[in-house]
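Subject: Structure for you to look at

Hello,

Here is the structure I promised to pass on. Please open it first, then read my notes below.

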Amino acid sequence: MCERCLVVPATEIHHRRYLSRGGKHNLANLLHLCGNGNFEGCHGEAHTGIGGEVGTSISRHNPRPESAIPFTDLLGREHWLDDTGLRHDRQPQPY
């Protein structure tokens, strides 16, 4: 299922901080979304201005790591991703 809308089957892997903007292939930077990057579904929405507001797109100018930036699903719940592939409902405390 799409990690953003939680309804439609996910078809695409989306980099929250785009590779062209310094993003990596780490798990905290990846979301499994529906649609595609051409303005369809949640993946398309992530590539519009709203993506930054809900954490599906992260600016290259944001110095925080992806694991410190939550994304919000369409039910309004915030999720933090870590590089082990886990999703947390609150920001994990640093060790």
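Start with the contacts. Take those between residues at least 6 apart in sequence: 46% of them join residues at least 24 apart. Please keep in mind that this is a predicted model.

Now the fold. The protein has 2 helices and 5 strands. Their order from the N terminus is β-β-α-α-β-β-β. The radius of gyration is 12 Å, close to the 12 Å from the globule rule for 95 residues, so the protein is as compact as a globular protein of that length. Along the principal axes, the C-alpha atoms fill a box of roughly 40 × 25 × 20 Å.

Next, inside and outside. Of the 95 residues, 41% count as buried. The exposed area is about 5700 Å². Carbon and sulfur atoms supply 54% of that area. The protein carries 10 positive and 11 negative charges, and the mean positions of the two sets lie 6 Å apart.

Which residues make up the largest nonpolar core? There are 10: Cys2, Cys5, Ala28, Leu31, Leu33, Cys34, Cys42, Ala46, Phe71 and Leu81. Strand 2 (30-33) supplies at least two of them, and so does helix 1 (41-46). In soluble globular proteins, nonpolar side chains tend to be buried together.

Look at Cys34 in particular. Leave aside its neighbours within four places in sequence. Cys34 is then in contact with Cys2, Cys5 and Cys42, among others. Its contacts also include Val8, Pro9, Ala10 and Thr11. Glu40, Gly41 and His43 complete the list.

Best wishes

Terms used
Residues numbered from 1 in each chain as written. Predicted model: local features only at pLDDT ≥ 70, side-chain atom pairs only at ≥ 80, totals over all residues. Heavy atoms only, no water. Helix = DSSP H or I, 4+ residues; strand = E, 2+ residues; numbered from the N terminus. Rg over C-alpha atoms; globule rule 2.2 N^0.38 Å. Buried < 20%, exposed > 50% of the residue type's maximum accessible area, 1.4 Å probe, protein only. Contact = heavy atoms within 4.5 Å. Areas by Shrake-Rupley, 256 points an atom, 1.4 Å probe, with all protein chains shown as cover. Lys, Arg positive; Asp, Glu negative; His and termini not counted. Charge placed at Lys NZ, Arg CZ, Asp CG, Glu CD. Core = buried A, V, L, I, M, F, W, Y, C linked by side-chain atoms within 4.5 Å.
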